[in-house]
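Trainee: I work at the bench and would love a close look at one part of this model. Please start with a small piece of it, and then show me what else is worth following.

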Amino acid sequence: MQTLPTAVTHLVVGAGFAGLGMAIRLDEAGETDFLVIEKDSDVGGTWRANTYPGAACDVPSQLYSFSFAPNPDWSRSFSPQPEIHAYLRRVARESGVLDRFAFDTVLEEARYDEQAQRWVVRTNHGEVTATTLISGSGGLSEPRLPEIDGIEGFQGELFHSARWDHDVDLTGKRVAVIGTGASSIQLVPEVAKVAGHVDVYQRTAPYVIPRNDRRYTRLERLLFRHVPAVQKVYRTATYWARESYVPAFTWKPRLATPARRAALLNIARGIPDPALRERVTPDYAIGCKRILISNSYYPALARDHVDLVTDRIAKVTGDAVVTVDGVERPVDVLVVATGFHTTEQPIAERIHGRGGRSLSQVWADTGMASYKGTTTHGFPNLFQLVGANTGLGHSSMVFMIESQIAYVLDAIASMGVNRYAAIEPRRDAQDAWNRDLQRRMQRTVWSTGGCSSWYLDDHGRNTTLWPRTTYTFRSLLSRFDVDAYDVEAARSDERISS
Ligand code: NAP
């Protein structure tokens, strides 16, 4: 798309699972007057951005696709990143919506015009106004760089795991990896295959359980393709198996004892040295941080040319990382696998609702808080996919996204039928929703497990995860509950829907 339209009914931000799914469903619902803006040059979101070696999904493949677009071509039970990206590209192409996508288009600022009852969105390619603004910008899209003394003066190659520089040849190099989260444990074994030496800087040991990954047989793949019901059975069985994990996170952390044993066994199997085993053994309850899966991480740490460093980093010099004990370890390539801005999303600074207040201003005191993780008081006609408290530790975000998409579509349908020009969740409804969430949060392992994690914000509140089953989330969002909303009629006689 060369030039942007000046006005659309629905403006969608982001072309990952959320934005793409939203576009397809809007189209199917006959809401064809939409525009999707995407800051990058392709669809895929996080699955386009994260191309580090070893990148793969830790949610089973069968759950990691849209319900309306099954993928019989998954090669394995846990999909590698290139397959997920290829899947999203194919779905985008075949759905016929790409003509309404503007790539390399960045949302610079969005302001709600209370008089016009429309969003005015400034992008790097011009201004667009829209009745609804639907953000699918993702919870894990903005890399968080570590604040380490001297890091900006590092003279070697430095990049974040989500911005992998494939031009840098790691063969024979001294590589330092900062962080031991989901990304790090996937990339470290791959880096160790080629690098001359690898230092892995661990601040907190993660729990890593075995990855029960396997190739699908030819017969399975034939059945997935020609007898779709078979794939549906796989998907349903995987879904309910995953739902059964919920009580261990939200209610009785002791139920996770078998998972803890599996993690300890994984360490024992992968690492012969008792001292190293001890250093990688977590000292908090399993599930408090995201449970990771890998068969190759511990064996990689046990290799002779890989060192696990647990002393805190004091500073980075032009060519080395220096720990607090004064040891200086030379580095050619510094990989920061330090995660993302999750509890203060950068897009929140750019979205301004009633009275010109931005989401980040509104959330400065309370932390992220919305209604049903989707709409926010003070921000009429704004919908956020993967919003506050919609994240998961046990199952597929695609399920959550589809639940939200259905809710947004129902809201839009209700606006069309009832000629509402603006809808906005009532303050009391939003507060009640969040009080209930935070009450439930108190007994979860994320609050009681004795760790600090990216799930919690600066106030110690968990504003990222959903503390109930995904099934419950879906039922709570199954219809647009107008009773929880303030609605405004159109000031002009324009209809909401196209
Ligand atoms: P992450 O889980 O937030 O891990 C960041 C790591 O960096 C942690 O080990 C953290 O230590 C460390 N760290 C942060 N700042 C540091 C500092 N200043 N000095 C030293 N260490 C520092 O990030 P991620 O691995 O990129 O994963 C983020 C999320 O992305 C995951 O939780 C998951 O939801 C998603 N993800 C999913 C997959 C998948 O397979 N589906 C793959 C990759 C990522 P502390 O633990 O001490 O904070």
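Mentor: Three strands, in the order β13-β14-β15, form an open sheet with antiparallel pairing. Its edge strands are β13 (313–316) and β15 (328–330), each of which pairs on one side only. From one strand to the next, the twist averages 25°; the axes behind such angles are lines fitted to C-alpha atoms, with angles running from 0 to 180 degrees between N-to-C directions. Strands here are DSSP runs (E, at least two residues), helices are runs of H or I of at least four, and both are numbered from the N terminus. Two strands pair if DSSP finds at least two bridges between them.

This is a predicted model, so local features need pLDDT of at least 70 and side-chain atom pairs pLDDT 80 or more, while totals for chains, interfaces and linings use all residues. Residues are numbered from 1 along each chain as its sequence is written, and side-chain values use heavy atoms, with hydrogens and water left out.

Back in the small sheet, β13 and strand β14 (residues 320–323) run antiparallel and are joined by three bridges. You can find one pair by eye: K315 has V322 in β14 as its bridge partner.

Now look at the other open sheet, where five strands follow the order β7-β16-β8-β9-β12 with parallel pairing. Here β7 (157–160) and β12 (306–309) are the edge strands, each pairing on one side only. On average, neighbouring strands of this sheet are turned by 15° against each other, direction ignored. Strand β9 (residues 197–201) pairs with β12 in the parallel sense over four bridges, and V198 stands opposite V306 in β12.

Then there is the ligand. Of the 22 residues around the ligand (a heavy atom within 4 Å), A56, D58, S183, T204 and K289 come nearest. Helix α4 (residues 182–194) gives the largest share of this shell, three residues. At least three shell residues come from each of domain 1 (7–142 + 341–497) and domain 2 (151–206 + 245–336), with bounds from an automatic or database domain assignment.

Some polar contacts (N or O pairs within 3.5 Å) are easy to check. A backbone N or O atom of A182 lies 2.9 Å from an oxygen atom of the ligand, and a side-chain N or O atom of K289 is 2.8 Å from a ligand oxygen. The protein covers 85% of the 910 Å² of accessible area (Shrake-Rupley, 1.4 Å probe) that the ligand has on its own.

Conventions: Polar contact = N/O pair within 3.5 Å; in protein donor to acceptor, adjacent residues only side chain to side chain.
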